[in-house]
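Work through the exercises below with the structure open. Try each task before reading its solution.

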Amino acid sequence: MSKYSDAVAQLSAAQKPAYGAPAYSRFVNRPAGRRIAAASFALGLTPNGVTAISAALSVLGVLVLAFAPIAVYTGVAAAVLFALAYAFDSADGQLARLTRTGGPAGEWLDHTVDMAKTVLFHGAILFSLILHTSVVSPAIAALVLGFLAVNVVAFFAWLLVDLLRRVDPEPVSEATRPSDHAPLL
């Protein structure tokens, strides 16, 4: 077997649990990421290198959204770039598990790039509306910025839950809940 085939087999056997994962992640993105991770392994790329490719694809998608005319082909081009970026985002973690080179610094880089993508994506939509239309009123701008805030806060909350579960996997019960006057940290 080739290095690529061996890597695909190892990654297939060591996938994250499917419970709670969205259908797109389970049936499209993770399998695509698995193949990208295996190819990256065969090429000698690092997980951070794969994260950099994901970031570059995302930046290209953002630039298309921000500067290309508002048209179906713009949406298709941006969607393809973001889907590829998302697959590479899945691949970096899989490659880190395969090579046993993952760690807090790589996870920090991955999540920082994720947050930058989220902010830039929504910012590009607002910029495009300002650049290409005359429909941007303060209400539309507030709507886009409000959605951006909800998206960023929701992502941060999800990351924080994951972090807190790693620190203390025990669920908080009434008996173990700190008093209202206890320090938060």
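**Exercise 1.** In this predicted model, find the residues that make the nonpolar surface patch of about 620 Å², and name the element that gives the most to the patch.

*Solution.* Start with the residues. V59, L60, L63, F67, L120, F127 and L131 make the patch. Next, look at the elements. α3 (47–67) and α5 (104–132) each give two or more residues. α3 gives the most, with four residues. Take L63 as one case. L63 sits in helix α3. Its relative accessibility is 41%. Buried would need under 20%, and exposed over 50%. L63 therefore counts as partly exposed.

**Exercise 2.** Classify the aromatic pair formed by F67 and F127, and state which helices hold the two residues.

*Solution.* The structure holds four aromatic pairs. In this one, the centres of F67 and F127 are 5.2 Å apart, with 65° between the planes. An angle over 60 degrees counts as edge-to-face. The F67 and F127 pair is therefore edge-to-face. F67 lies in helix α3 and F127 in helix α5, so the pair ties together parts that are 60 residues apart in sequence. F127 has 36% relative accessibility and so counts as partly exposed.

**Exercise 3.** Classify the pair formed by F155 and W158, then decide: is F155 buried or exposed?

*Solution.* The centres of F155 and W158 are 5.6 Å apart, and the planes differ by 35°. The pair is tilted. Both residues are in helix α6 (residues 138–167). They are three residues apart, which means a separation of about one helical turn. F155 has 19% relative accessibility, so F155 counts as buried.

**Exercise 4.** Which residue lies over the face of F41?

*Solution.* Go to the ring of F41. K3 lies over its face, at 5.0 Å from the ring centre.

How values were computed: Residues are numbered from 1 along each chain as its sequence is written. This is a predicted model: local features need pLDDT of at least 70, side-chain atom pairs count only at pLDDT 80 or more; totals for chains, interfaces and linings use all residues. Side-chain values use heavy atoms; hydrogens and water are left out. Patches are made of residues with over 30% relative accessible area and no salt bridge: like charges are joined within 9 Å, nonpolar side chains (Val, Leu, Ile, Met, Phe, Trp, Tyr) within 5 Å. Accessible areas come from the Shrake-Rupley method with a 1.4 Å probe; for residues, only the protein chains shown count as cover. A salt bridge is a side-chain nitrogen of Lys or Arg within 4 Å of a carboxyl oxygen of Asp or Glu. Buried means under 20% relative accessible area, exposed over 50%, partly exposed in between (1.4 Å probe, protein chains only). Rings of Phe, Tyr and Trp (its six-membered ring) pair if their centres lie within 6.5 Å; planes under 30 degrees apart count as stacked, over 60 as edge-to-face and the rest as tilted. A charge sits over a ring if NZ of Lys or CZ of Arg is within 6 Å of the ring centre and within 35 degrees of the ring normal.
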